[in-house]
Amino acid sequence: MLDSTRLSARCALIALACLAITACSKSQPDEPDAAAAQKAPAWVDSARLLAANESPGEWMSHGRTYDEQRYSPLNKITADNVANLGLAWHYKLDVDRGTEATPIVVDGVMYTTGAYSIVYALNPVSGELLWKYDPGVDRSIAGRGCCGVVNRGVAPWKGKLYLGAYDGRLIAIDAKSGQEVWSAQTVDTTKNYTVTGAPRIIDGKVIIGNGGAELGVRGYVSAYDAETGDMLWRWYTVPGDPDQPAENAAMEAAQKTWFGDVYYKQGGGGTVWDSMAYDPELDLLYIGTGNGSPWNIKYRSEGKGDNLYLSSIVALKPDTGEYVWHYQTTPGETWDYTATQHIVLADMDIDGRSRKVLMQAPKNGFFYVIDRETGELLSAEAFVPINWASGVDPETGRPIKTGLGDYSETPKLVVPSPYGAHNWQPMSYNPQTGLVYIPAQITGHLYEDEGKVPAYALNLWNVGLKPMKVPEDPAELAAVGAQFSGKLLAWDPIKQEAAWTVDYASPWNGGTLSTAGNLVFQGTADGRTTAYAADSGELLWESPANTGVIAAPMTYTIDGEQYVTFMAGWGGVFALVAGGPAEDIIWRQSESRVLTFKLGGDDQLPPPNNTPVPAPTPPELTASAEQVEAGRQLYHGVCAGCHGGAAISSGLVPDLRYMNPATHAQFAPIVAGARARQGMPSFAHVLPPEQITLVHQYLIKRAHDLTAMQGKPSQ
């Protein structure tokens with residue numbers, strides 16, 4: 001992929017679970033509880049989840065433990081021997097699209113997911129496929145989501161696995177056979193809801209959110225009975241129609257912070273599409289909420305109001321969904337600054353006092369340390385350069401805005417961009433070093449008020465901004481790309497400063513895993529799996545992945561052998577919009593695989609698929625310069641979210657500059673849905689025939705640009 005500079009619940013249950021495991025064997029703490037394992041595969045219950053630290057050889061939930069620290073006590077692979085890490089096995093997934101799951105390993109089986117929510121059960125020692133479950137997601141709804149047909153994994157509970165499918169279904173699967181047990185639709189399928197996040201399970205309640213704020217929906221989080229699939233409760237994140245009774249006191253309070261009528265007609269946003277954590281002692285579920293719908297507060301809420309509970313961390317009672325407290329990271333959010341990023345819980349000494357804290361590094365660029373009992377802000381500091389705010393007021397907890405992010409009158413180059421200073425890729429916390437390891441990034445975006453919300457924005461990208469003009473000249477494009485970069489950032493949450501950093505040429509690097517072996521593992525956008533010293537940041541090991549790696553790795557033991565697994569596969573919103581190949585005419589196709597390493601592993605990957613692709617001779621360009629410009633604007637408003645800025649694709653979906661004569665001839669029918677079953681949804685509801693023609697002419701122009709760069713004659 002992109003080139004990169006390589007630089008170096010409870011207390012009683014807890015006690016009972018611990019006693020039971022201690023009685024089994026202290027010499028092999030990584031073995032699963034024998035009585036539970038005999039019941040059925042993946043027989044995970046509250047006792048096992050609460051005592052996850054007593055079974056460090058397994059990975060039974062999304063972040064390994066309810067606190068989502070993504071820290072493993074395993075130490076058979078260490079900073080001293082990690083250089084001997086080799087590939088133990090690899091498994092090729094069915095669909096080469098964004099791969100974002102964290103695998104589950106429990107009772108001797110690995111469970112993971114790929115694109116279109118396909119579930120795989122694998123032998124964690126050999127990689128042998130045990131079974132596969134395809135939920136049959138309709139490929140024609142691929143355009144219903146903002147950021148690819150991705151999935152972040154499953155949750156095990158008492159012999160079943162729970163999957164949030166892209167089309168909004170919550171599905172229970174028998175862990176032994178891979179057969180569906182029940183399915184419940186969690187969203188209104190007439191709206192642009194999708195589900196990509198991994199469910200969480202608390203006391204037999206399956207907690208699940210959804211996405212879709214960019215395309216006009218109202219956010220919420222729901223709980224379902226793990227045995228029956230019945231919905232137990234639902235908590236909306238933003239208010240609905242003010243002419244209707246509010247669902248609860250929290251929505252009544254939120255209503256006072258919204259204005260006008262666009263927000264409830266367009267959904268309002270605030271979707272809970274990823275982060276959750278749970279404190280069993282306090283019995284609190286923490287969720288992160290998303291951006292507004294539309295993004296632009298000028299249209300969403302008459303340009304005013306905090307718009308609760310957008311971009312917030314919210315504490316709920318998991319039994320009932322009752323609101324307890326919230327902290328809003330970005331009041332009146334208008335930049336797509338979600339707070340859906342990874343939430344981590346820890347206990348630490350701050351100013352001589354032991355505090356139960358919650359940590360988050362959301363898109364807006366500030367690292368927050370919050371008292372998770374009360375929601376009190378303890379500290380917040382910028383962890384990358386930003387310009388929209390100069391700090392966070394310690395008294396009010398509100399950002400101190402600079403005015404440089406106010407694009408209501410004139411366009412502003414704002415840092416961070418909608419890609420964020422940190423996106424969904426999980427960070428990890430190592431209690432040994434006291435550091436948080438963040439896949440940070442430096443990005444900017446030229447925000448420009450639309451002036452009026454065009455029809456396509458209300459029907460597709462519900463943002464209220466003009467599409468950014470992406471340079472087409474290779475040199476100009478390279479100059480813009482040079483302003484984007486990534487970091488592996490080791491952050492001290494008490495000092496609120498960096499302990500060390502590793503610089504990457506590209507953003508969109510993978511999530512992190514830290515271990516007791518003084519290691520931090522991370523995949524990279526340029527196609528590597530890596531390990532760094534957790535205390536110093538020294539690069540100790542790397543191995544090729546043949547594709548960009550964005551998911552967070554995990555680790556487990558089988559028969560005394562420690563393994564580290566990465567889900568590899570380039571994708572997600574940055575890859576689709578801006579993560580295309582450099583203009584060297586090399587097609588870098590995503591290759592989605594499970595990659596598992598162990599000390600002394602000797603497996604080999606096949607050569608990467610980097611085959612040069614010559615551009616076909618394009619048809620004659622018949623449009624005027626004005627028509628081409630109109631086509632460019634339409635393309636970037638409707639098509640660039642998948643096919644790439646300036647029509648430069650990452651290879652996840654077809655690069656439209658490379659269309660052959662037959663595709664050119666069928667361009668209008670394809671846009672109208674002729675290939676919907678292959679994953680190209682219809683956009684006939686967005687683009688009338690004359691606008692489809694303008695988009696086509698722009699793409700013909702870009703095809704001529706490509707052939708000229710390759711030195712070929714054009715018509």
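## Charges over aromatic rings

A charge is taken to sit over a ring if NZ of Lys or CZ of Arg is within 6 Å of the ring centre and within 35 degrees of the ring normal. In this predicted model, Arg152 lies over the face of Trp424, at 5.2 Å from the centre of the ring. Arg218 offers a further case, since its charged end sits over the ring of Tyr236, 3.8 Å from the ring centre.

## Aromatic pairs

The structure holds 31 aromatic pairs. One of them is formed by Tyr309 and Tyr323, whose ring centres are 5.7 Å apart and whose planes meet at 40 degrees, a tilted arrangement. The pair links distant parts of the chain, 14 residues apart, with Tyr309 in the loop between α6 (297–300) and β19 (312–317) and Tyr323 in strand β20 (residues 322–328). The two partners can also be described by accessibility: Tyr309 counts as buried at 2% relative accessibility, whereas Tyr323, with a relative accessible area of 26%, is partly exposed.

A further tilted pair is that of Tyr437 and Trp500, with ring centres 5.8 Å apart and planes at 40 degrees. Because Tyr437 belongs to strand β29 (residues 435–442) and Trp500 to strand β32 (residues 497–504), this contact ties together parts that are 63 residues apart in sequence. Both Tyr437 and Trp500 are buried. Elsewhere, Tyr327, Trp335, Tyr337, Phe366, Tyr368 and Trp388 form one aromatic cluster.

## Cysteines

With a disulfide taken as a pair of cysteine sulfur atoms within 2.5 Å, the count for the structure comes to 1 disulfide. This disulfide joins Cys146 to Cys147, with an S to S distance of 1.9 Å, and the link of Cys146 and Cys147 is left-handed, with -85 degrees about the S-S bond. Cys147 counts as partly exposed, at 24% relative accessibility.

Cys639, by contrast, is in no disulfide, and the nearest cysteine sulfur, that of Cys642, is 9.0 Å away. Seen from the other side, the closest cysteine sulfur to that of Cys642 is in Cys639, and the 9.0 Å between them is too far for a bond. Cys639 is buried, with a relative accessible area of 16%, while Cys642, at 30% relative accessibility, counts as partly exposed.

## Two open sheets

One open sheet of 4 strands has the order β3-β4-β5-β6, and its strands pair in the antiparallel sense. The strands β3 (104–106) and β6 (129–133) stand at the edges with a single partner strand each, so that one side of each is left without a neighbour in the sheet. From one strand to the next, the twist averages 15 degrees. Within this sheet, strand β4 (residues 109–113) and strand β5 (residues 119–122) run antiparallel and are joined by 4 bridges, and the bridge partner of Met110 in β5 is Leu122.

Another open sheet of 4 strands has the order β2-β39-β38-β37, with antiparallel pairing. Its edge strands are β2 (85–92) and β37 (554–558), each of which pairs on one side only. Neighbouring strands of this sheet are turned against each other by 30 degrees on average, direction ignored. The pairing of β2 with strand β39 (residues 593–599) is antiparallel and extends over 7 bridges, with Leu85 standing opposite Leu599 in β39.

## The hairpin of β21 and β22

Strand β21 (residues 343–350) is largely enclosed by the rest of the structure, because 6 of its 8 residues are buried. Strand β21 pairs with strand β22 (residues 353–360) in the antiparallel sense over 8 bridges, and across this pairing Ala346 stands opposite Val357 in β22. The hairpin has 2 residues between the strands, and in it Asp351 takes a positive phi near 55 degrees.

## Helix α10

How does the span of helix α10 (residues 625–638) agree with what its 14 residues should give, and what is that span? At 1.5 Å a residue, the helix should span 20 Å, and its end C-alpha atoms are 20 Å apart, which agrees. The buried residues of α10 are Val628, Gly631, Arg632, Leu634, Tyr635, His636, Gly637 and Val638.

Terms used. Residues numbered from 1 in each chain as written. Predicted model: local features only at pLDDT ≥ 70, side-chain atom pairs only at ≥ 80, totals over all residues. Heavy atoms only, no water. Expected span 1.5 Å × (residues − 1). Buried < 20%, exposed > 50% of the residue type's maximum accessible area, 1.4 Å probe, protein only. Pairing = 2+ DSSP bridges. Axes fitted to C-alpha atoms, helices over the stretch in contact; angles between N-to-C directions. Phe/Tyr/Trp six-rings, centres within 6.5 Å; stacked < 30°, edge-to-face > 60°.
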